[in-house]
Amino acid sequence: MSKPHILIFPAPAQGHITSMLNLAELLCATASFRVTFLVPAYIHRRLSQHSNAASRLSRLHPIPNDRPHEDIRPGSFDVKDWLDSFRSTALPSLRELLADDEDPIDCVISDGILSFVLEAAGEAGVPVFYMRTLSACAFWVYFCLPHLIQSQELPFDCDDLDLPMVNLRGMEGVLRRRDLPSCCRHGLDSRSMQTIMHQTVQTPRARGLILNTFDRLEAPTLDLIRTRIPNLYAVGPLHAHLRTRLTATSNSSSTTLWEEDKTCLKWLDEQPENSVVYVSFGSIVRVTAEARTEFWHGLVNSGKRFLWVVRPDSGGTEVAEGGRGRVVGWAPQEAVLAHPAVGGFVTHCGWNSTLESVAAGVPMVCWPHFGDQQVNSRFVDDVWGIGRDMKDRCDRVVVEKMVRDVMEDRSGEFRRRAGVLAKAARESVVEGGTSYYDLDRLIRDIRDLCNTA
Ligand code: UDX
């Protein structure tokens, strides 16, 4: 029996690549599948330069690319244009790979926002699984948007964003208007809302849906999703899952597109336990000079030590380092969050960052920007009780108060709950755990498909 050959195809952004690369590595390491990972040429270059994960895959395949702008940028960024342009760049390479008789693809795992893959693979007769790189709770909200429109809860008047949602099944009394994905604030005609809704409602057309989450974190929402998409695989946290399944001979894996400044780990070694606030807003968010100033004052006034990631391309002014503060351009985030000196995480609540913090048992102060981050931050504060949600407020007084809450005043309760969830995360990815089981089930299902093809 030959090894199944899987094509894994993420949307070209760090947050999407991180989790899909972890899944790709898991499938190579545990199932001995042959994996082709398809990315644009500029990402291919950056992965080959900064990440060791590429060398573990069977093939990192570049899509020739001539786009002038490489990364997603909120603000001027239009998700529809971005997807349309990516579709036209990627389709020829995708079709070529799907038609290759010499090295046939048995199955595709596609990012669930790239519905053109469903069409192309359908024409070639190749089965497709979807993976979404967001939380189950955010996925469910996106999936329910048509229902919210039908029940006239959308669009809404932004004058009263604190009104609770009443037609969002399973989340009544949890989410307010302000906790919905940011596109909901821009009316029904918003191109991002239409695009993301159009992509999401097509999910049931795939053979199954893979999510980077774990049962004990999101069981009620996973059950809700199963009522509409029965074949659901919750295999996360993928970075922790990969670590537990790598063989003793292999080293830890990195999925980064930027060079990591590892000197901050040495600095952390010199700091007392739980004394440092780690500050990072992921790979996309741009922080205005005003917001950065408020954060700086809030952090300094809290009296806490901090390690702050200021990406060179993230806009705004420089942040001054002081005796208590350290600034880096890009950090080895997983290692930072796992460091005993780190006691809190000021985050934009991108799903990878949120899940990495959950897995490390680090409480959060959330400053969400767009998309799923609005939903995730509400769950961190109101459902999981492992941090505070700053949503829509960014001034030095709020920053100081919330940092003090997480590091000092309420640190006991946050750390206790975060510790329980971190333990649950660890247990889910070892033998007998739910994510471990779901990954094995996915591997079995892919093998069965390939054998019956
Ligand atoms: C985006 C969206 O914001 C997110 O909500 C969505 O679910 C996936 O895509 P991004 O904004 O970059 O991603 O945030 P996040 O999902 O948190 O991913 C950032 C990744 O970069 C994390 O894995 C984090 O560990 C890594 N990172 C970040 C570093 O390795 N070093 C850093 O200094 C900062």
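**Exercise 1. Find the volume of the largest cavity and work out what kind of residues line it.**

Start with the size: the largest cavity has a volume of about 80 Å³. Keep in mind that you're looking at a predicted model. Now for the count: the structure holds 3 cavities of 30 Å³ or more.

Next, pick out the wall. Among the lining residues of the largest cavity are Phe281, Gly282, Val285 and Val287. Trp308, Val309, Val310 and Arg311 also belong to that lining, as do Arg292 and Ser314.

Finally, sort the lining by class: 6 residues are nonpolar, 2 are polar and 2 are charged.

**Exercise 2. Describe the second largest pocket: its volume, its lining and the elements that contribute to the lining.**

Step one is the volume, which comes to about 190 Å³ for the second largest pocket.

Step two is the lining. There are 13 residues in it, and Leu83, Asp84, Ser115, His198 and Gln199 lie nearest the centre of the pocket. Two or more lining residues come from each of α3 (79–98), α4 (115–124) and α6 (191–201).

Step three is chemistry. The lining of this pocket splits into 4 nonpolar, 5 polar and 4 charged residues.

**Exercise 3. Work out which residues make polar contacts with oxygen atoms of the ligand, and how much of the ligand the protein buries.**

Begin with the side chains. Gln373 has a polar side-chain atom 2.6 Å from a ligand oxygen. For Gln333, a polar side-chain atom sits 3.2 Å from an oxygen atom of the ligand.

Then check the backbone. A backbone N or O atom of Trp351 lies 3.5 Å from an oxygen of the ligand.

Now the burial: on its own, the ligand exposes 660 Å², and the protein buries 95% of that. The elements giving two or more residues to the shell around the ligand are α1 (14–31), β8 (276–280) and α12 (351–360).

Step back to the whole shell. It's made of 21 residues, with Ser283, Ala331, Ser353, Glu356 and Gln373 the closest. By class, the shell has 6 nonpolar, 13 polar and 2 charged residues.

Last, ask where the shell comes from. At least three of its residues are drawn from domain 1 (5–133 + 202–253 + 429–452), and at least three from domain 2 (263–331 + 340–426).

**Exercise 4. Locate the cis peptide bonds at Pro155 and Pro237, and say what stands out about the phi of Gln152.**

First, a reminder of the background: most residues other than glycine have a negative phi, and most peptide bonds are trans.

Take Pro155. The bond between Leu154 and Pro155 is cis, with omega about 0°. On the chain, Pro155 is in the loop between α5 (136–150) and α6.

Stay in that part of the chain for Gln152. Its place is in the loop between α5 and α6. Gln152 isn't a glycine, yet its phi is positive, at about 60°.

Now go to Pro237. A cis peptide bond joins Gly236 to Pro237, and omega is about -5°. Pro237 falls in the loop between β7 (232–234) and α8 (238–245).

Key:
Residues numbered from 1 in each chain as written. Predicted model: local features only at pLDDT ≥ 70, side-chain atom pairs only at ≥ 80, totals over all residues. Heavy atoms only, no water. 1 Å grid on protein atoms, 1.4 Å probe; cavity = no way out; pocket = protein on both sides within 12 Å on 5 of 7 lines; lining within 4 Å. Points joined across faces, edges and corners; volume = space filled by probe spheres on them. Helix = DSSP H or I, 4+ residues; strand = E, 2+ residues; numbered from the N terminus. Nonpolar A, V, L, I, M, F, W, Y, C, P; charged D, E, K, R; others polar. Near = heavy atom within 4 Å. Polar contact = N/O pair within 3.5 Å; in protein donor to acceptor, adjacent residues only side chain to side chain. Areas by Shrake-Rupley, 256 points an atom, 1.4 Å probe, with all protein chains shown as cover. Domains from an automatic or database assignment.
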